[in-house]
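Here is a walk through one protein model, meant for someone meeting it for the first time. Have the picture open while you read.

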Amino acid sequence: MATTISPADMSLFQPFVLRSGTTEVTMRNRIMRSATWEGLADATGHVTDVLIEKMVELAKGNVGLIIASYAYVSQDGQTGVGQIGVYDDSHIAGLRRMTDAVHASGGHIALQINHGGRVSMSSPSIGPCDCEIKSENPDKPVAPNCIAADTATMARILNNFVNAARRVKAAGFDAVMLHMAHGFLLSQWLSPLFNQRTDEHGGSIENRLKWVLEIVAAVRAEVGPNYPILAKLNTADFHSQGLTVEESTVVAVALAKAGVCLLEASGGTSMSSFASCRTVAQGKEGHHATGSTSWKQALSHAGLSSTAVALVGGIRSPKSAQEFISGGSCDIISLARPFIREPTLVLRWQSDPENARSACVSCNKCFGPIRSSTGFYCPLKGKNLF
């Protein structure tokens, strides 16, 4: 007789405590909404009512931790239309309405903060260096030009991150996440593909880490010793000249030592053969599990196993999600596109963990409405998701 899987037997659906100093954030389960470009802020990055409604729906759908994305810390760091802004104190009031609404619905929410670097909308954009980049993505054969960040620019952007984190905390978010993945500025800084500097901030992974760790330390000094700082990081760039799993493992351990309490494992850049959002899942779930497993093992060896690891990338069933947790690849499962298709997915997974799968087919057609200033939704299902 076949054994029926019960949600009560799966750690995926059990509470998980995220710890930072004396602060404990008790997630309702081990499922996290990965930051996803919503495209629903106004022209100056201020929160709209419909954006708040989307976050509330995720909270009502029993998501353990919602990461709202990917707020630009300065105007020259914006990368897309409708992106949330956190570059000015005027953003705090709207963001506070968002956190109050999510908390009233029983949820937890963090805000991811970011600078686009070389891929920003500003002209000229800013990067680690103005070197030529060899693209291995046939859909994006040419990398955008940029100017190399000098010492003054680095100091300004560091301060932008610090002030953004201050606003995140003031707005009532449960945590702040630093975006270090997908070929944006901090990801570029860590990557030998984008960072070909010849000064103290280029060369070895330890050198490429210096400025990133300075930002983490400055943010920590601003938000205090107990406020949760999270980071999204590439396990690898999936480019012949990019960040490797071995290097990202060094970064993961260094970030944990610096007080980052959750690391989200992702990968790829716009110049990579393996993009950050795969077009077709091809039946393989957990694209970045090799890297996240390496992080988990290194963190344990370093006595830093209290640092949580979240895994994102093509996970589409509760059975697979549980296997990644039980197998030591991660502590938390992170989902992005499945929640665009179905914000109440967690509830359906809990009702039938043995057979339920996400309806998301990883086609990436949800990016079309965002780029056309309509805001995110699944075109295969229709705009009226809620």
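How many helices and strands are there in the protein chain? There are 11 helices and 12 strands, where helices (H or I, at least four residues) and strands (E, at least two) are DSSP runs, numbered from the N terminus. Keep in mind that this is a predicted model, in which local features need pLDDT of at least 70, side-chain atom pairs count only at pLDDT 80 or more, and totals for chains, interfaces and linings use all residues. Residues are numbered from 1 along each chain as its sequence is written, and side-chain values use heavy atoms, with hydrogens and water left out.

**The chain as a whole**

The protein chain has 386 residues, and 61% of them count as buried. Buried means under 20% relative accessible area, exposed over 50%, and partly exposed in between (1.4 Å probe, protein chains only). Take the contacts in the chain with a separation of 6 or more: 72% of them come from residues 24 or more positions apart. Contact here means heavy atoms within 4.5 Å.

**The barrel**

Eight strands close into a barrel, in the order 3-4-5-8-9-10-11-12, with parallel pairing. Neighbouring strands of this sheet are turned by 25° against each other on average, direction ignored. For angles like this one, axes are lines fitted to C-alpha atoms, for helices over the stretch in contact, and angles run from 0 to 180 degrees between N-to-C directions. Two strands pair if DSSP finds at least two bridges between them.

Here are three of the pairings, each with one or more of its matched residues.

| Strands | Bridges, sense | Residues opposite each other |
|---|---|---|
| Strand 4 (residues 65-72) and strand 5 (residues 109-114) | five, parallel | I67 and A110; A71 and I113 |
| Strand 8 (175-180) and strand 9 (229-234) | five, parallel | M177 and L230 |
| Strand 9 (229-234) and strand 10 (262-266) | five, parallel | L233 and A265 |

Now look at strand 5 on its own: six of its six residues are buried. I109, L111 and I113 point one way, while A110, Q112 and N114 point the other. In a regular strand the side chains alternate between the two faces of the sheet. Strand 9 is also mostly covered, with six of its six residues buried. There, I229, A231 and L233 face one way, and L230, K232 and N234 face the other.

**Helices around it**

Helix 2 (residues 92-104) lies across strand 4 and strand 5, and runs at about 150° to strand 5. Helix 7 lies across strand 9, strand 10 and strand 11 (308-312), at about 175° to strand 11.

How far apart are the axes of helix 3 (residues 151-170) and helix 5? They are 9 Å apart, and the two helices pack at an angle of about 35°. The contact takes in M154, I157, L158, F161, V162, A165, R166 and K169 from helix 3, along with W211, E214, I215, A218, V219, E222 and V223 from helix 5. Sorted by type, those residues give 11 nonpolar, no polar and four charged. In that count, Ala, Val, Leu, Ile, Met, Phe, Trp, Tyr, Cys and Pro are nonpolar, Asp, Glu, Lys and Arg are charged, and the others, Gly among them, are polar.

Helix 6 (residues 245-257) has 13 residues, which at 1.5 Å a residue should span 18 Å, and its end C-alpha atoms are indeed 18 Å apart. The expected span is 1.5 Å times one less than the number of residues. Its buried residues include E247, V251 and L255. The buried residues of helix 6 pack against several elements, among them strand 8, helix 5 and helix 7. After helix 6 comes G259, with a positive phi near 105°.

**Two loop residues**

Is V260 buried or exposed? V260 is buried, because its relative accessibility is 1%. V260 is found in the loop between helix 6 and strand 10. Not counting residues up to four places away in sequence, V260 touches V216, I229, L230, A231, L255 and T307.

S74 sits in the loop between strand 4 and helix 2. With a relative accessible area of 6%, S74 is buried too. Leaving aside neighbours within four places in sequence, S74 is in contact with Y87, H115, R156 and N160. The C-alpha atoms of S74 and N114 are 8.7 Å apart, although 40 residues separate the two along the chain.
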